[in-house]
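Thanks, everyone, for making the time this morning. I would like to walk you through one model, chain by chain, and then turn to where the chains meet.

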Amino acid sequence: MDNNFENIVEDIKPIEVQQVKRPKLQFQRFTRLNRVLHILMIVSFISLALTGMTLKFSYTGWAVILSHLLGGFESAGYIHRFFALVMVSIFVTHIIDLTKMKKRENKSWIKLIFDPGSMMFNKKDLKDILGTLKWFIGVGERPEYGRWTYWEKFDYFAVFWGIFVIGSTGITLWFPELLTRILPGWAINVATIIHSDEALLATGFIFTVHFFNTHLRPEKFPMDIVIFSGRIPLEEFKIDRPTEYKELVEKGELENYLVEPYPQIVIRAIKVFGWIALSMGFSIIVWIIYAMIFAYR
Amino acid sequence: MREYFEILEEKNVIKFLFNIWRFSFFYMMLAFSASAYAQDNSDCLGCHEDKTLKGTKNGKEISVYVDSKKLAASVHAGNKCIDCHVDLKNSDFPHKENVDRAKCTNCHKEENQDYAISLHGTSAAKGDKLAPVCQTCHGSHEILPVKNPKSAVAPLNIPYVCGSCHREGSPVQVQRHIPQSNILENYTESIHGEALLKKGLVVVATCASCHTPHRVLPHTDPRSSISRKNIAATCTQCHAGIENVHRKIIRGELWEKEANVLPACVDCHQPHKIRNVYYEQGMADQDCLRCHSKPNLKSASGKSMFVDYSKLAGSMHQKVACSQCHTQVNPSHLRPCEGITDTVDCTACHAEIGDEYKSSIHGQLYAKNNSNAPFCTDCHGSHHVLGKKDPKSPTFAINVPYLCAKCHREGQKAAVRYTGTEHNIVEKYTESIHGKGLLKSGMTITATCADCHTAHHELPHTDPASSVNRKNVSSTCGQCHYGIQEQFDKSVHSPLVTKTDKELPSCNDCHTAHTIRRTDQDTFKLTIMNQCGRCHAEIAKTYFDTYHGKVSQLGYTKTAKCYDCHGAHDILKVTDPNSHLSYQNVVKTCQKCHAGANRQFAGYFTHATHHDPNKYPWLYWTFAGMTALLIGTFLLAGIHTLLWLPRSIKYRKELKEKLSHNNEEEIE
């Protein structure tokens, strides 16, 4: 496997690999905490998807095998709940991190949220969407994206939505005896449908659209490790996020974000992890498609 | 007058003259004295009371003394001497020598008729000197009423009277053909003899009770009271109602109707030795074994006719004689068995079992001469029949599966004929809970083949009379699983409760016929859902759409299965207050697993589907909304991605160029 994947890497010659050969300073896009959170997110998301899907697609042979590999439905249930807690913790940690950022930057919540560099949608995103569509059909130049592109923002808020929808229904399903003191019995049935279909949406979206947007689109193919390393070659950054680059240069803050690249061994470890995550994601997609098309009932 | 005719006939001149003298003497006496003509007993006793009076008979001098006291005490006290000694009536005095034997027949006509056709009578008529006449048994002048214990023919004396001729070593026993020996000794030891002679029970059967007093005939004579045909009637004179005790064998009317088929009393209760010992003469086991104990004895067809008597002696039939089963033996043949044409008919004794067998599929096939059909001996063996409680018996519980397997194992003669769906039944049974219990744990009370299919009344399940017919299965299983049957009979699945054209499930539909498993095993728990689903298709499908069903589908048993909520054997309509799912009970049912369950919790739809907008609108519209969200999101994202892909391929090249250009700039 390792050789194969090396070959693929060699064949495709990803751009950043060439760059690493020359030890140049790189631009740091993500803080260490955010990177750790994202890795944890990947682990918990895949774990939740695998354990959850065994139930959702219990009528497929795959589900039966997987469920037994996971140590049975009870064990799968414990894994599911554990990673649900991990994911909620990630979410909470992120919120805490935001409040720290607020303190550090000493801004009001409104200002923080509606800062041009924040994750919140703004006018530029609308412009970027139109510009991107024009660029797609070949009637315009590539828009000069800022700190966050609109698809990144969409993914970010999708997590908020997902955490809320799946989390709340999940708690209902976790403690049905307790929740039915308030809710009627059929609410459990409704919660099951929402939980399950929202999860289907999330996994389906992450393992196809998100994977394409960040890793599979030809310019980043086969994967963009920036979320793990946090570093992007400066040259690439200039081209990819021209607006942000210009702003930083104008403010004279660019130097603050320049760091030494990671040694090759770390990069390799990151790639191994990335490949595992990618292949698991794809496997789940294959399984979902199989279950939906060939075994649906 | 008689004398006159004799004159005419004999034409003897001397006698003629003598009779003229007698005539004249007769008329002279008539005129002389009226009393002389009366011939009173006193006239006779005048001479015969003399103890020294002697007469001659057939040239021998005999005492002709008559004890007047005994005569006066006898039953004939009121009779005149000449009533019996008829030949002396109106006889001259002194009367003739060689007086005829006293004649009983004038009064005892019926007895005489019987005597005349009896063995005694016919022998006497032929001049057999050993043949008894009236006086031989009854005596002469001293005859007493039968009820008088001193009578020669009083019950207590009968054995001695008969025994005087029929005792061992007597001329009659030695010189005449009497098929029995030791008659008197045997009788004395018999239950009758013992009662009579030791206990003084005078109503008990004596010789005369069975052989009749006067009509004694050989048992080969159909008129005889002891012929095969009549013996039952003879015995029932005293043993009235014995057919009730012997019902299994004789079934009342058959005993007399089919006396040739059924055993007669004496077959079991040997004459004279009325004990459980068999008829010995010519048909005793020893007689059979004279030939059949030879190991190399073969029939004409080459079949071994050897009988291992030691095995027979150790069998259930150790007290049954050969000829009780081989009933066609006839002691009048030199080889009593030479008349045998039929196989042993066990039903003579085992009548009820025989009837069962005849109506079973085995018996039906046997009646059609099907060579594959098993007969009694195929399962029970022949001479070595052991009881089903004997571990060596092929019908001992643990051996039954192997016994039936002889024909019903796959590939064997019964299995080959079989066209149904039950295959490899022996192997399946061995692995079933019953088979394991029986064969591995040695539980002899476990159900064997015979417990469900019955031992003698096996029928295909399609037959309404079969123990394994759908209709009867629950009561068959209920023989052992009593409480279960009771529950089942009250449930919706019982034909007693639900009247429907559809087929209702029976025990075997869920538990199978031969593969019956422990119900606490996962394999059983998981298959049972499919069993319910065979009829309850829709509801089973929707069950699999909920958590319980999904987990079960993954192969885990720790969630609720059909029977956890609905009950197993006691399934009732939900509307029935006793149902596990009735309003009163449903929360309790949920609490079996969900300790904290409450009324609202019980409102969870365990058979929910999101495909039915009328029944489950909330589920339907939730699902519709979620699907719309899913499709909408993927549609937008999909279009975005598809548009991006070709552009991105181009951009990859542009980017490469730009980057290398930038690098060059930097190097410069």
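Before anything else, let me fix one term: I call two residues in contact if their C-beta atoms, placed from the backbone, lie within 7 Å. Please also keep in mind throughout that what you see is a predicted model.

With that contact criterion, consider chain A, where residues 24 or more positions apart account for 73% of the contacts with a separation of 6 or more. In chain B, among contacts between residues at least 6 apart in sequence, the share that joins residues at least 24 apart is 46%.

Let me stay with chain A for a while. Its 297 residues, of which 31% count as buried, include 14 helices and 3 strands. Those 3 strands form an open sheet in the order S2-S1-S3, with antiparallel pairing, and the edges are taken by strand S2, residues 231-233, and strand S3, residues 258-259, each of which pairs on one side only. Between strand S1 of chain A, residues 26-28, and S2(A) there are 3 bridges, and if you look for A:Gln28, you will find that its bridge partner in S2(A) is A:Arg231.

Next, the packing. Which residues touch the most other members of the largest nonpolar core? In that core, which has 29 residues, they are A:Phe45, A:Ile46, A:Leu48, A:Ala49 and A:Met87. H3, H5, H10 and helix H14 (264-293) of chain A each supply at least two residues of this core, and H3(A) gives the most, with 7 residues. To take one of the residues just named, A:Leu48 touches A:His80, A:Phe83, A:Ala84 and A:Met87, if we leave out residues up to four places away in sequence. Apart from this core lies another, of 15 residues, among them A:Ile194, B:Ala597, B:Tyr604 and B:Met626.

That brings us to the contact between the chains, which takes 43 residues from chain A and 46 residues from chain B. On the side of chain A that touches chain B, the elements that give two or more residues include helix H3 (32-56), helix H5 (72-105) and helix H10 (186-216) of chain A, and H10(A) gives the most, with 15 residues. Sorted by class, this side of chain A has 24 nonpolar, 9 polar and 10 charged residues.

Now to chain B itself, which has 39 helices and 2 strands, and in which buried residues make up 25% of the 668 residues. The strands S1, residues 54-57, and S2, residues 60-63, run antiparallel and are joined by 4 bridges, with B:Lys57 standing opposite B:Lys60 in S2(B). Together S1(B) and S2(B) form a hairpin with 2 residues between them, and B:Asn58 in the turn has a positive phi of about 50 degrees.

Finally, one helix in detail: in helix H29 of chain B, residues 433-440, the buried residues are B:His434, B:Gly435 and B:Leu438. Why do they line one face of the helix? Seen down the axis of H29(B), the buried residues fall within an arc of 95 degrees, so they line one face. What covers them includes helix H26 (400-408) and helix H28 (425-431) of chain B, and just after H29(B), B:Gly442 takes a positive phi of about 70 degrees.

I am happy to go back to any of these views.

Key: Residues are numbered from 1 along each chain as its sequence is written. Chains are lettered from A and ligands numbered from 1 in the order in which they are written. This is a predicted model: local features need pLDDT of at least 70, side-chain atom pairs count only at pLDDT 80 or more; totals for chains, interfaces and linings use all residues. Two strands pair if DSSP finds at least two bridges between them. Ala, Val, Leu, Ile, Met, Phe, Trp, Tyr, Cys and Pro count as nonpolar, Asp, Glu, Lys and Arg as charged, and the others, Gly among them, as polar. A nonpolar core is a set of buried Ala, Val, Leu, Ile, Met, Phe, Trp, Tyr and Cys residues joined through C-beta atoms within 7 Å. A residue is buried if 20 or more other C-beta atoms lie within 10 Å of its own, exposed if 12 or fewer, and partly exposed in between; C-beta atoms are placed from the backbone. The arc is that of the directions from the helix axis to the C-beta atoms.
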